[in-house]
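Work through the exercises below with the sequence and the 3D structure open beside you. Each task is followed by a solution that goes step by step.

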Amino acid sequence: MDSNPHICKYFNRSKTGMNRILCSLILLFTMMAAYAQDISISPYSAFNYGDRRLDNGATTFGMAGLSTSYISPFGTESNFMNPASNQNLRLTNFTFEGSMDMTRFKSQNEDFSRSATYISRVSLGFPLGEKWRAGFGFQPFSALGYRVANYNYTPEGSINSRFAGEGGLNTLQFMLSRNLTPELALGIRSNYIFGRLDKSEVLSGSNIQLATSYVNKNDINGFAFTTGISYYKKQENSKFLSAGATYGLGSNIKANQNYLVKTYQVHPTSYNEYNVDTIQYLTSDRKVRIPENASLGISYGKDLKWALGAQIDWEKNSAFILQFDEQQSNDRLRVAAGGYYIPQFNSFRSYFARATYRGGVFYEKTPIQVQGQDIQDYGITFGIGLPVGKVNNPSELNLGVELGQRGTTNSDLVKETFANVKLSFTLNDSWFQRRKYD
């Protein structure tokens with residue numbers, strides 16, 4: 001708030017100022033700390049640009065990702081997935097979110113578990129007058145992190161291949177929307193994508209004198225844009241119909257690539273490389289294409305009570321080629337259904353009657369195909385939103401859980417059974433509004 005003495009009677013000026021400073025510092029330091037996060041644990045992240053991490057917050061995560069037609073029932077949540085679905089955002093909304101991914105990997109020969117904990121979102125959304133909404137934030141875009149070894153034994157000796165990858169892409173987001181009518185809104189989100197994707201392969205064998213190493217390093221940065229439209233129509237008996245659609249335009253962004261092929265020997269005791277010989281070294285500034293994508297969603301429900309919806313997402317991953325010798329992948333297709341239920345939003349007797357309960361199911365045909373096997377991803381989700389603070393300053397603690405499976409043990413592949421958790425805290429305040437005393 002500014003220094004005008006006629007300020008909102010609901011909020012203390014010094015407290016609001018401290019909230020601004022605190023949220024700004026958290027946003028800054030989070031982006032700095034999150035840049036170097038190691039957040040992928042899946043061997044399937046070796047394909048395409050890695051595991052997709054540009055996804056929903058804990059609220060819509062608990063509804064299987066229903067974000068395209070989702071409009072906050074209380075008007076206190078910013079929607080970055082569909083920038084148009086912020087028609088009723090009435091307060092400044094700061095969100096800080098962390099995620100934990102726990103996965104069990106099973107193949108025909110191995111069975112083990114891994115986990116990763118990371119910052120998955122920090123954002124700030126706010127109204128600008130009656131018709132405009134805006135916001136900015138940080139999210140991981142994708143994650144690369146795997147180490148895979150393959151051993152083949154023949155009468156002539158063994159041949160060993162070791163694959164590794166690390167890094168990931170992040171995104172700084174800015175969204176803007178305008179309410180054209182009480183029912184219809186348009187929005188746009190810009191993503192500044194940046195980060196590094198490094199992949200390597202080492203080939204060696206018992207009867208091979210020299211090991212061969214292939215290393216591809218990629219520094220990536222550039223802009224991509226998403227447009228959105230949202231329609232919200234009130235029905236009789238406090239019912240509503242909500243529909244939304246987004247389209248990611250796709251973008252050719254800059255990639256500084258270094259590709260190195262070398263041979264070497266390994267010392268038997270120190271394991272140091274010696275007799276290193278560079279076979280090929282290529283460097284270039286080229287363009288990689290962030291794929292076009294689209295989403296369509298529809299929801300039906302009752303104000304401050306319940307909602308059910310469905311959504312379909314598509315992404316043209318076949319347009320993405322990163323490495324010099326990389327093969328094209330398939331397109332991504334995902335379908336989901338879910339919703340929420342609020343027993344009694346204004347209950348004075350039961351705290352949990354004011355909570356929001358969420359659930360959903362999803363199925364995804366991923367872009368990955370290995371040894372003729374299409375890799376599929378499916379599961380269930382559930383979540384809860386717990387109100388925090390006063391009624392006139394509504395904040396919320398949101399928990400979302402995803403249980404599912406990806407992959408198969410057929411054809412010597414890996415099946416993943418996962419439990420992913422998102423926990424977010426939203427803080428709401430009236431930063432950009434000036435209210436006088438009644």
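Helices, labelled H or I, are DSSP runs of at least four residues and strands, labelled E, are runs of at least two, both numbered from the N terminus. The model used throughout is a predicted one.

**Exercise 1. The second largest cavity**

Describe the second largest cavity by its volume, its lining and the elements that supply the lining.

Solution. Begin with the count, which is three cavities of 30 Å³ or more in the structure. The second largest cavity holds about 210 Å³ of space. Next, turn to the lining, which is made up of 22 residues, and look for Gly57, Thr60, Ser78, Asn79 and Arg121, since these lie nearest the centre of the cavity. Two elements, helix H2 (58–61) and strand E17 (415–429), give two or more residues to this lining, and H2 gives the most, with three residues. Finally, sort the lining residues by character: five are nonpolar, 14 are polar and three are charged.

**Exercise 2. Classifying two aromatic pairs**

Find how the rings are arranged in the pair Tyr49 and Phe141 and in the pair Phe223 and Phe225.

Solution. The structure holds eleven aromatic pairs, and two of them are treated here. For Tyr49 and Phe141, the ring centres lie 5.4 Å apart and the planes meet at 50°, so this pair is tilted. In sequence the two residues are 92 apart, with Tyr49 in the loop between helix H1 (13–34) and strand E1 (51–52) and Phe141 in strand E4 (residues 132–154), and the pair therefore links distant parts of the chain. Both Tyr49 and Phe141 are buried.

For Phe223 and Phe225, the centres are 6.4 Å apart and the planes are at 15°; because planes under 30 degrees apart count as stacked, this pair is stacked. Buried residues have under 20% relative accessible area and exposed ones over 50%, so Phe223, at 45%, is partly exposed, and Phe225, at 36%, is partly exposed as well. As a last step, place this pair in its setting: Phe223 and Phe225 form one aromatic cluster with Tyr192 and Phe194.

**Exercise 3. A charge over a ring**

Which ring does the charged end of Lys422 sit over?

Solution. Follow the side chain of Lys422 to its charged end, which sits over the ring of Phe61 at 5.2 Å from the ring centre.

**Exercise 4. The largest nonpolar core**

Identify the members of the largest nonpolar core that touch the most other members, and the strands that supply the core.

Solution. A general tendency gives the background: in soluble globular proteins, nonpolar side chains tend to be buried together. Here the largest nonpolar core has 17 residues, and those touching the most other members are Phe141, Ile193, Leu197, Ile220 and Val288. The strands that each supply at least two residues of this core are E4, E6 (184–205), E7 (211–234), E9 (251–266) and E10 (273–290), and the largest share, three residues, comes from E4.

Now take one of these core residues on its own. Ile220 lies in strand E7 and has a relative accessible area of 3%, so Ile220 is buried. Ile220 and Ile193 are 27 residues apart in sequence, and their C-alpha atoms are 7.5 Å apart in space.

**Exercise 5. Positive phi values**

Locate Asn48 and Ser411, and decide for each whether the residue is buried or partly exposed.

Solution. Asn48 is found in the loop between H1 and E1, and its phi is near 60°, a positive value in a residue other than glycine. With a relative accessible area of 8%, Asn48 is buried. Ser411 is found in the loop between strand E16 (395–407) and E17, and its phi, near 55°, is likewise positive in a residue other than glycine. At 29% relative accessibility, Ser411 counts as partly exposed.

**Exercise 6. Separation in sequence and in space**

How many residues apart in sequence are Asp111 and Val414, and how many separate Asn275 and Leu210?

Solution. Asp111 has its place in strand E3 (residues 111–128) and is partly exposed at 43% relative accessibility. Asp111 and Val414 are 303 residues apart in sequence, while the C-alpha to C-alpha distance in space is 9.4 Å. Asn275 lies in strand E10 and counts as partly exposed at 49% relative accessibility. Asn275 and Leu210 are 65 residues apart in sequence and 8.9 Å apart in space, again from C-alpha to C-alpha.

Technical notes
Residues are numbered from 1 along each chain as its sequence is written. This is a predicted model: local features need pLDDT of at least 70, side-chain atom pairs count only at pLDDT 80 or more; totals for chains, interfaces and linings use all residues. Side-chain values use heavy atoms; hydrogens and water are left out. Rings of Phe, Tyr and Trp (its six-membered ring) pair if their centres lie within 6.5 Å; planes under 30 degrees apart count as stacked, over 60 as edge-to-face and the rest as tilted. Buried means under 20% relative accessible area, exposed over 50%, partly exposed in between (1.4 Å probe, protein chains only). A charge sits over a ring if NZ of Lys or CZ of Arg is within 6 Å of the ring centre and within 35 degrees of the ring normal. On a 1 Å grid over the protein atoms alone, a cavity is a set of points where a 1.4 Å probe fits but cannot get out, and a pocket is an open set with protein on both sides within 12 Å along at least five of seven lines; lining residues have an atom within 4 Å of a point. Grid points are joined across faces, edges and corners, and a volume is the space filled by probe spheres set on the points. Ala, Val, Leu, Ile, Met, Phe, Trp, Tyr, Cys and Pro count as nonpolar, Asp, Glu, Lys and Arg as charged, and the others, Gly among them, as polar. A nonpolar core is a set of buried Ala, Val, Leu, Ile, Met, Phe, Trp, Tyr and Cys residues joined through side-chain atoms within 4.5 Å.
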